[in-house]
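This briefing goes with the sequence and structure shown below. It is meant to be read alongside the coordinates.

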Amino acid sequence: MIPDSADAEPVKADLQQLIQRSGELTAQIISAWQSVERPNDPSSHAAEGLCSLAIEHAVATQSLLGAFPAAAIALIRPQFESLVRAVWAKHAASPSDLDRLIAPLSAQSQQAAKKLPAVPEMLARLEERGPRGAAALLAKARSRLGDGLNSFVHGGIHPFARNRDGYPISLLIDMQKNSNALSFLTLIVLVEITLDPDVSAFMATLHQEFDDVLPALEPFDVPAA
């Protein structure tokens, strides 16, 4: 439930504008992914698939936020975890991890996938092997979002209280901007997969164009082409 009053109408309009602009940003990110050649080595293949999942969650969040905010906010957690897995797959996954991740789905592969590391272990591996600053950036996002998103995913006190008392528009705006930041970070993964200088330049332009719908970003280093 979003508070409904005359005073809230201009702020609601701000939220709708944000959601519209967020859709434009996501469309540009999707277009970038579709427009370049990607190598098909196991780490790149896995990272690309996981980024696609992250973007799918982002699109769903935009679609649901105005009408079903509890469901929309809950989707930011799998968006984040898909991004973490993508960065891990590109930089820190072992060959056996990648085999388990990209194997055709079956009862056997489902059982084998239980040996894949959880998010904290992925972040620890990224600290050792990933781009400088990647693990710290993702760990900071996890720390800031973790408890609240966990509550929304599991039907905890956060969504219970918000559905009873209402969702402040400022909270919804912050959640949409956080989702946008995660979407934007998928572009960094694309740059790392392709090492295409045009994509790197596009990323900088896109950040400037959509600065109004992004929180402060601390992108980690991108290898030189």
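The points below cover confidence, overall form, the nonpolar core, selected residues, the aromatic pair and the salt bridges.

The model is predicted. The protein has 11 helices and 0 strands, and its mean pLDDT is 90. Its radius of gyration is 18 Å, which agrees with the value near 17 Å for a compact globule of 225 residues.

**Confidence**

- A pLDDT of 70 or more is reached by 91% of the residues.
- Over residues 219-225 the pLDDT stays under 50.
- For that stretch, residues 219-225, the model has 22 contacts beyond four places in sequence.
- Where pLDDT is low, the predicted coordinates should not be read in detail.

**Overall form**

- Read from the N terminus, the order of elements is α-α-α-α-α-α-α-α-α-α-α.
- Along the principal axes, the C-alpha atoms fill a box of roughly 55 × 40 × 30 Å.
- Of the 225 residues, 41% count as buried.
- Among contacts with a separation of 6 or more, 77% are between residues 24 or more positions apart.

**Nonpolar core**

- The largest nonpolar core has 58 residues, and the members that touch the most others are L15, I73, L126, L138 and L187.
- Two or more residues of this core come from each of α1 (9-35), α2 (42-64), α3 (69-74), α4 (76-91), α7 (119-129), α8 (134-153), α10 (169-194) and α11 (197-209).
- Helix α10 gives the largest share, 13 residues.
- What does L126 touch, not counting residues up to four places away in sequence? The residues are V84, V87, W88, H91, A92, A135 and L138.

**I19 and A70**

- I19 lies in helix α1. With a relative accessible area of 13%, I19 falls under the 20% limit and is therefore buried.
- Outside the residues up to four places away in sequence, I19 touches Q62, L65, G66 and Q176.
- I19 and L172 are 153 residues apart along the chain, and their C-alpha atoms are separated by 10.0 Å.
- A70 is placed in helix α3. Beyond neighbours within four places in sequence, A70 is in contact with F152, P159, N163 and Y167.
- A70 and D99 are 29 residues apart in sequence, with 35 Å from C-alpha to C-alpha.

**Aromatic pair**

- How many aromatic pairs does the structure hold? There is 1 aromatic pair.
- The pair is formed by F152 and Y167, whose ring centres are 6.4 Å apart. Their planes meet at 40°, so the pair is tilted; the tilted class covers angles that are neither under 30 degrees nor over 60.
- F152 sits in helix α8, while Y167 sits in the loop between α9 (157-165) and α10. The two residues are 15 residues apart, and the pair links distant parts of the chain.
- Both F152 and Y167 are buried. These two residues are also among the contacts of A70.

**Salt bridges**

- The whole structure contains 9 salt bridges, including the three described here: R77 with E81, E121 with R125, and R164 with D165.
- The side chains of R77 and E81 meet at 3.1 Å, N to O. R77 and E81 are 4 residues apart in helix α4, so about one helical turn separates them.
- R77 counts as partly exposed because its relative accessibility is 24%. E81 counts as partly exposed because its relative accessibility is 22%.
- The side chains of E121 and R125 meet at 2.9 Å, N to O. E121 and R125 are 4 residues apart in helix α7, so about one helical turn separates them too.
- Is each partner of this bridge buried or partly exposed? E121 is partly exposed, with a relative accessible area of 38%, whereas R125 is buried, with a relative accessible area of 18%.
- D97, R100, E121 and R125 are joined into one network by salt bridges that share partners.
- The side chains of R164 and D165 meet at 2.9 Å, N to O. Both R164 and D165 are exposed.

Notes. Residues are numbered from 1 along each chain as its sequence is written. This is a predicted model: local features need pLDDT of at least 70, side-chain atom pairs count only at pLDDT 80 or more; totals for chains, interfaces and linings use all residues. Side-chain values use heavy atoms; hydrogens and water are left out. pLDDT is the predictor's confidence in each residue, from 0 to 100. Contact means heavy atoms within 4.5 Å. A nonpolar core is a set of buried Ala, Val, Leu, Ile, Met, Phe, Trp, Tyr and Cys residues joined through side-chain atoms within 4.5 Å. Buried means under 20% relative accessible area, exposed over 50%, partly exposed in between (1.4 Å probe, protein chains only). Rings of Phe, Tyr and Trp (its six-membered ring) pair if their centres lie within 6.5 Å; planes under 30 degrees apart count as stacked, over 60 as edge-to-face and the rest as tilted. A salt bridge is a side-chain nitrogen of Lys or Arg within 4 Å of a carboxyl oxygen of Asp or Glu. The radius of gyration is taken over C-alpha atoms; the globule rule is 2.2 Å times the number of residues to the power 0.38.
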